[in-house]
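Me: Please take a close look at one pocket of this model and at the helix packing that goes with it. A connected account would suit me better than a list.

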Amino acid sequence: MKKNSFIEGAMISTIGIVLCKIIGILYVIPFRAIIGTKGAILYSYAYTIYAVFASLSSTGIPSAMAKAVSEYNTLGYYNSQERAYKIGRNIIVALGIISFIILFTFAPQISYMIIGSLEGGNTLSDITLVIRVISTALLFIPILSINKGYLQGHRMMSVPSIANVIEQFVRVLVIIFGSVIVLRFLKLPVTIAVAVATFGATIGALIAYIYIHKNINKNSKILKRDAKITKEETKITDKMILKRIVMYSLPFILIEFIRSIYNTVDTFTVVKGLVSLGYDINVAENILSIITTWGSKLNMIILSVTFGLTISIIPNIASSAALKKYDDVSLKINQALKIILFVTLPMTLGIYFLSDSVWTIFYGYDALSVSVFSFYVFQTLINSFFYILVDTTNALNNPKVALTALFGSFILKLILNIPMMYFVNILNIDAHFGVIITTMLVQFVATIYLLTNLKKKFNVKYISTLKPAIKIVLINIIMLLSLMIIRLFIGVFPHTRLYSILEIILYASIGIIIYAFLSFKNNVFKEVFGKDFIDNIKKKLKR
């Protein structure tokens, strides 16, 4: 294992996350065919609720661990970083057990909160069962996450990324083979098949933990796990380390909790709101599953870039801030913003342009689903900037601002979700678009707030981002218009999986060529990634 630079770490993390998301999307094709729409909706109920508890028990402390380890490592306090790891590990194991007990015990009450007394779809007992099964993953996900955070704090991104892929791969194997065995061979109900599929999260987390734990033990010397305490570190007590971890963890926990309940706002309001406006309950449930699960899975490929950057930027910015190198902080923030725009904007426009084919490949053609998804994909672009700015602000020890932006946008979404559905319905726009518009609107306002605060408090100057950003937007417009003109001559492809694959290959190839050519021609690659990084890539290619 070796340390990675900011961009190297971001690329390794992003590649790992993208692979996970691709695996996570590809399994959907056979899985939905096996369990059907009703089973898919039941699966989405379980994962939406599980995500909230997983974020509470596994996200905050690992992120805080990465930040604390990075700071101690930068200052040469190797004994303290090891003590921080052990303390954090004990805390997170306890949190995982508590979260499991709560979710398992109160599964019936949570199920009632989701569907109430509505009939015709999944039953309360169905939802209760799958929630209880997936709750077992909370016994392993937290300890796996703390190990990832420990290595990320050392700026060693390869092993955590491989662990992510292993976890996802094993989970998908259990989902596919488990559901097939239950339905085709054992002839049991769909609910049991979905329960077995959700248990894949537990098996995947356990196997990935074994892998990452072995690698940490094997590289003890590189990680300096046996370092003796220095004179300066004698003043750092376990109580002080515990306090630091708790103070770092609380904002991360709150941030991830609020992020997770963004989807639960939709879970608790969309079906009821749409049914009250005259939608059939099965149509309303289908729309909800697109927004919270199936459309989100496709959008996650775009968000992978942001997640990769976030994993890399937290320890790097924490290190720069510890040494009070605020010019370097400004440089990394601007670089992250440019990379996000450079990568996510063409991906967003590309998926929008090919939304019919993308949806058809994974889920089969459905006019309503494609309509919802083609608009929903634009939410991801705003999400990307919003999420990384929240994490960056928090990593700079400014959690109040990060939480204000996140909690404020959540409260606005909670207030506006149903009224916006009614409002767009009055305008003769499909009511379900109101849910997406609400999220985009509140997150856009919060993003502006975060950018303004970073400029004011840390003197972050965005002028270096403005010029390449304008170029990127113009190049994307040219690319999209070119594809639209080409489609006028070629025509619309039939809505079959084979033709959809051919259409994606054709237009994606043309789009990438246009985008890459114009980016090189206008020096955008160098402005976004930096001359040193581009030169390093060229050297490796020559070798």
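Reply:

**The second largest pocket and its helices**

In this predicted model, the second largest pocket has a volume of about 520 Å³. It is lined by 18 residues, and those closest to its centre are L341, F385, F444, T447 and L451. By class, the lining divides into 15 nonpolar residues, two polar and one charged. At least two lining residues come from each of helix 13, helix 15 (367-395), helix 17 (433-458) and helix 18.

Helix 13 (residues 326-353) and helix 18 (residues 463-490) also pack against each other, at an angle of about 10 degrees and with axes 10 Å apart. The angle is under 35 degrees, so helix 13 is roughly parallel to helix 18. The crossing of helix 13 with helix 18 is right-handed. On the helix 13 side, the contact includes L337, L341, L345 and F353, and on the helix 18 side, I472, M479, L483 and R487 are among the residues involved. L341 thus appears both in this contact and among the residues closest to the pocket centre. The contact residues comprise 15 nonpolar, four polar and two charged.

Helix 17, which also contributes to the pocket lining, packs with helix 16 (residues 399-426) at an angle of about 155 degrees, the axes being 7 Å apart. Because the angle is over 145 degrees, helix 16 is roughly antiparallel to helix 17. This crossing is right-handed too. Residues of helix 16 including V401, L412, L416 and M420 meet residues of helix 17 including V435, L441, A446 and Y449. Here the contact residues divide into 15 nonpolar, seven polar and one charged.

Technical notes:
Residues are numbered from 1 along each chain as its sequence is written. This is a predicted model: local features need pLDDT of at least 70, side-chain atom pairs count only at pLDDT 80 or more; totals for chains, interfaces and linings use all residues. Side-chain values use heavy atoms; hydrogens and water are left out. Axes are lines fitted to C-alpha atoms, for helices over the stretch in contact, and angles run from 0 to 180 degrees between N-to-C directions. Helices (H or I, at least four residues) and strands (E, at least two) are DSSP runs, numbered from the N terminus. Angles under 35 degrees count as roughly parallel, over 145 as roughly antiparallel, 65 to 115 as roughly perpendicular and the rest as oblique. A crossing is left-handed if the near helix is turned anticlockwise from the far one by less than a right angle, and right-handed if clockwise. Contact means heavy atoms within 4.5 Å. Ala, Val, Leu, Ile, Met, Phe, Trp, Tyr, Cys and Pro count as nonpolar, Asp, Glu, Lys and Arg as charged, and the others, Gly among them, as polar. On a 1 Å grid over the protein atoms alone, a cavity is a set of points where a 1.4 Å probe fits but cannot get out, and a pocket is an open set with protein on both sides within 12 Å along at least five of seven lines; lining residues have an atom within 4 Å of a point. Grid points are joined across faces, edges and corners, and a volume is the space filled by probe spheres set on the points.
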